[in-house]
Amino acid sequence: MMAKRKKSQQNENKLIYIPFVVLAVIIIILVAVPYLGHPSSSSPITANANTPLFNLYKVSNTNYASNNSVEIYFISWYGCPNGATTSWPLYLALSKYGNLSIVTHYSVNEQKFGGEIPALLFLNYTPFPNSRVYFHPIYIYGQYLNQTTNGTPINTDDVTFGLKELKSELPGWAYNLVVYYEVNQTYTKLNNTAPAYFGSYPHIITILIITGPGGTWVDLGYPNSISPTVLAALNSTLLYNMILNKVTPSGQYLQAYNEILNASSEITNAINEALA
């Protein structure tokens with residue numbers, strides 16, 4: 001009889017703690033639920049491997065800039081059609097934040113695009129006094145993939161050479177982004193191949209990186225709002241003078257100009273969001 005009474009008392013004592021356990025679980029749920037599915041400001045939010053390919057895409061909420069500024073890295077090579085295509089809208093976007101020194105140029109001749117792509121090679125950038133936007137153009141290879149920017153022959157494979165060059169020229173976070181998106185990631189649009197190893201001549205392809213308080217954007221190739229085919233065979237000096245002097249073009253130059261404006265707005269929006 002005494003044993004039964006003691007066991008009953010123990011069960012009653014356990015029941016006393018049930019409301020407290022339930023209350024603790026409810027509190028944990030209320031605290032945790034708002035954070036489920038919402039990554040912190042330092043966590044990656046890459047949707048999938050295809051998003052930054054020919055698309056200026058926000059890949060992370062992380063701010064890799066050291067202060068309240070926006071850091072922009074444009075990595076390309078002298079003869080790159082992708083870099084040539086990106087150079088025009090990038091020039092227009094950056095002109096809002098600083099002074100640019102450039103030379104007109106042409107990419108290598110690619111039949112699939114219809115010829116050489118007019119280009120701007122970035123030599124120098126100086127931000128306006130109140131600007132928080134900083135731009136870093138880096139060219140890995142010269143006009144062709146068998147030489148450096150000063151014409152020295154490359155005696156190793158271009159991927160190894162390019163990564164070695166970038167290792168010495170980029171901050172660690174930017175180098176890691178290049179490796180992640182160009183070497184480690186594969187893309188269905190590239191037959192499930194990494195960009196650096198796609199095509200007949202593996203090499204580091206053009207990449208645009210924008211980072212600031214508002215997050216980080218990456219674009220491999222060129223923005224999808226502009227096509228190199230619309231630029232092919234145009235005169236680079238004539239196109240630059242039209243943009244510089246705000247002359248309304250006609251014919252194929254008009255179509256190219258409109259696509260440059262659209263892509264420029266896309267880049268400008270990313271910069272402004274990164275500034276936030």
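## Tyr91 and its aromatic partner

Let's start with Tyr91, which is buried in this predicted model, because its relative accessibility is 8%, under the 20% cut-off for that class. Tyr240 is buried as well, since its relative accessible area is 15%.

A pair of aromatic rings is described by the distance of the centres and the angle of the planes. Searching the whole structure for such pairs gives 12 of them. One of these aromatic pairs is formed by Tyr91 and Tyr240, with 5.6 Å from centre to centre and 70° between the planes, an edge-to-face arrangement. Tyr91 sits in helix H2 (residues 81-94) and Tyr240 in helix H6 (residues 236-244), so this pair ties together parts that are 149 residues apart in sequence.

## A tilted pair and an aromatic cluster

Tyr141 and Phe161 also bring their rings together: the centres are 6.2 Å apart and the planes are at 35°, so the pair is tilted. The reasoning is simple, because an angle that is neither under 30 degrees (stacked) nor over 60 (edge-to-face) counts as tilted. Tyr141 belongs to the loop between strand S5 (133-139) and helix H3 (158-169), while Phe161 belongs to helix H3, so the pair links parts that are 20 residues apart in sequence. Are these two residues buried or exposed? Tyr141 is buried, with a relative accessible area of 0%, and Phe161 is buried too, at 14% relative accessibility.

Beyond pairs, there is one aromatic cluster to look for: Phe74, Tyr78, Phe122, Tyr125, Phe135 and Tyr139 form it.

## Around Ser76

Ser76 is found in strand S2 (residues 70-76). With a relative accessible area of 2%, Ser76 counts as buried. Which residue does the side chain of Ser76 meet in a polar contact? The partner is the side chain of Thr206, at 2.7 Å.

If you set aside neighbours within four places in sequence, the contacts of Ser76 are Gly83, Ile138, Tyr139, Ile140, Tyr141 and Thr206. Two names in that list are already familiar: Tyr139 is a member of the aromatic cluster, and Tyr141 is a partner in the tilted pair.

## Where H2 crosses H7

Helix H2, the home of Tyr91, also packs against another helix. The axes of H2 and helix H7 (residues 251-275) come within 8 Å of each other and cross at roughly 50°. H2 and H7 are therefore oblique to each other, because an angle that is not under 35 degrees, over 145, or from 65 to 115 falls into that class. Their crossing is right-handed.

On the H2 side, the residues that meet H7 are Trp88, Pro89, Leu90, Leu92 and Ala93. Their counterparts in H7 are Ile260, Leu261, Ala263, Ser264, Ile267, Thr268 and Ile271.

## Two more places to look

Ala256 lies in helix H7 and is buried, at 0% relative accessibility. Its contacts, leaving aside neighbours within four places in sequence, are Val230, Leu231 and Leu234. The C-alpha atoms of Ala256 and Leu239 are separated by 8.9 Å, although the two are 17 residues apart along the chain.

Thr156 is located in the loop between S5 and H3, the loop that holds Tyr141. With a relative accessible area of 40%, Thr156 is partly exposed. How far apart are the C-alpha atoms of Thr156 and Asn146? They are separated by 9.1 Å, and the residues are 10 apart along the chain.

Conventions
Residues are numbered from 1 along each chain as its sequence is written. This is a predicted model: local features need pLDDT of at least 70, side-chain atom pairs count only at pLDDT 80 or more; totals for chains, interfaces and linings use all residues. Side-chain values use heavy atoms; hydrogens and water are left out. Rings of Phe, Tyr and Trp (its six-membered ring) pair if their centres lie within 6.5 Å; planes under 30 degrees apart count as stacked, over 60 as edge-to-face and the rest as tilted. Helices (H or I, at least four residues) and strands (E, at least two) are DSSP runs, numbered from the N terminus. Buried means under 20% relative accessible area, exposed over 50%, partly exposed in between (1.4 Å probe, protein chains only). A polar contact is a pair of N or O atoms within 3.5 Å; within protein, one must be able to donate a hydrogen and the other to accept it, and residues adjacent in sequence count only if both atoms are side-chain atoms. Contact means heavy atoms within 4.5 Å. Axes are lines fitted to C-alpha atoms, for helices over the stretch in contact, and angles run from 0 to 180 degrees between N-to-C directions. A crossing is left-handed if the near helix is turned anticlockwise from the far one by less than a right angle, and right-handed if clockwise.
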